[in-house]
Amino acid sequence: MPVLTLKIDVDTYRGTREGALNLVRLLQKHQANATFLYSLGPDHTGWALRRALRPGFFQKVSRTSVVEHYGIKTLMYGVLLPGPDIGKTCAQQMRAAQSAGFECGIHTWDHVLWQDNVRKRDAAWTQKQLQRSFDRFRDVFGEAPKTHGAAGWQMNEHAFAQLDAFGFAYASDGRCMLTERGELADRNAGPHRLRAFGKTLSCIQLPTTLPTLDELLGRTIDGVVIDESNIARTILDLTASPRDHVFTLHAELEGQKLAPIFEQLLEGWKAQGYDLVSMADYYEKVKDASLPSCPVTWGELPGRSGALIVQPPASRQ
């Protein structure tokens with residue numbers, strides 16, 4: 001049976017208090033498993049406004065109604081309002097997902113700080129951010145974390161090496177390259193190991209294989225504008241041919257205004273014969289397979305501004 005791994009990025013204070021708990025209830029309703037990846041330090045979402053000069057930023061903002069989905073208060077954190085410490089103020093909400101039986105892991109310490117800086121930072125800065133996340137996770141959940149999913153799919157070689165140092169067996173920090181239609185550019189893309197500093201790392205990467213909702217909403221594909229009435233069908237068309245997939249969703253989107261769309265996806269994937277699983281479940285399926293070794297590679301994806309970690313085509317591995 002093909003598996004569809006549900007990887008939930010929880011970026012913000014509001015997403016932790018509201019969206020993630022909504023997703024817990026929705027997943028339980030449909031008997032689906034998933035992994036929740038938490039931002040564990042301050043919410044400085046407002047700092048993201050500094051990306052205004054990045055090519056494609058305004059296009060994405062206008063397509064995805066950022067204010068509507070995130071709320072004006074969240075967009076002021078770190079600008080006009082102090083950023084709340086998510087791990088200190090939302091520990092109870094985080095543990096609720098754990099108590100409900102869902103795997104929990106690290107997303108980041110400070111989402112915007114990591115996403116906007118990690119690519120060019122050194123080992124000391126990178127290790128400090130990851131260690132803060134690791135220590136806060138242990139404080140919140142009473143156990144050491146076992147996995148990681150990078151904020152904004154942004155990493156550097158020091159970060160990948162640190163995941164090995166933590167002893168993480170698997171993570172989901174990157175993406176597979178996609179066509180303009182959202183199809184996999186390389187049908188063989190999927191689980192792999194990375195090479196950093198000339199060494200093949202132990203940690204298995206489980207890259208996201210599908211476009212996210214915010215990458216599709218508002219775009220025109222094959223002459224059709226993708227909106228809330230047809231986006232679920234668009235993604236279900238991409239999963240019609242059975243193969244393993246990883247889908248990244250966000251507590252701030254699918255856990256709130258876009259929850260009805262996510263419910264359509266859950267129903268559709270079950271009808272297509274998928275087993276809806278966590279990252280830990282997927283790792284158990286692939287851990288003994290012969291996996292390719294890939295260099296750390298950056299690339300751009302349709303509907304998303306800026307470069308991010310991607311799995312290179314087989315010819316470049």
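This section describes selected helices, one buried loop residue and two residues of positive phi in a predicted model.

Helix α11, which spans residues 231–238, is largely enclosed by the rest of the structure, because six of its eight residues are buried. The buried positions are I231, A232, T234, I235, L236 and L238. The elements that cover these residues include the helices α10 (213–216) and α12 (259–271), together with strand β10 (245–250).

A second helix with buried positions is α6, formed by residues 91–99, in which A91, Q93, M94 and A97 are buried. Their cover includes α1 (13–29), α5 (86–89) and α8 among the helices, and β2 (35–39) and β3 (103–108) among the strands. After α6 comes G101, a residue with a positive phi, near 100°.

Helix α8, one of the elements covering α6, also packs against helix α9. The axes of α8 (residues 123–141) and α9 (residues 157–166) come within 9 Å and cross at roughly 45°. This angle makes α8 oblique to α9, and the crossing is right-handed. On the α8 side, the contact is formed by A123, T126, Q127, L130, Q131 and F134, which meet H158, A159, Q162 and F166 of α9. By class, this contact comprises five nonpolar and five polar residues, with no charged residues.

Among the loop residues, T208 is located between β7 (199–205) and α10. With a relative accessible area of 0%, T208 falls under the 20% limit and is therefore buried. Its side chain makes a polar contact of 2.6 Å with the side chain of T248. When neighbours within four places in sequence are left aside, the residues in contact with T208 are K7, W153, S172, G174, R175, C176, V246 and T248.

Two further loop residues have a positive phi although neither is a glycine. For Q31, in the loop between α1 and β2, phi is about 50°. Q31 has a relative accessibility of 77%, over the 50% limit, and so counts as exposed. For D222, phi is about 55°, and this residue is found in the loop between β8 (220–221) and β9 (224–225). D222 is likewise exposed, with a relative accessible area of 57%.

Technical notes. Residues numbered from 1 in each chain as written. Predicted model: local features only at pLDDT ≥ 70, side-chain atom pairs only at ≥ 80, totals over all residues. Heavy atoms only, no water. Buried < 20%, exposed > 50% of the residue type's maximum accessible area, 1.4 Å probe, protein only. Helix = DSSP H or I, 4+ residues; strand = E, 2+ residues; numbered from the N terminus. Contact = heavy atoms within 4.5 Å. Polar contact = N/O pair within 3.5 Å; in protein donor to acceptor, adjacent residues only side chain to side chain. Axes fitted to C-alpha atoms, helices over the stretch in contact; angles between N-to-C directions. Parallel < 35°, antiparallel > 145°, perpendicular 65-115°, else oblique. Left-handed = near helix turned anticlockwise from the far one by under 90°. Nonpolar A, V, L, I, M, F, W, Y, C, P; charged D, E, K, R; others polar.
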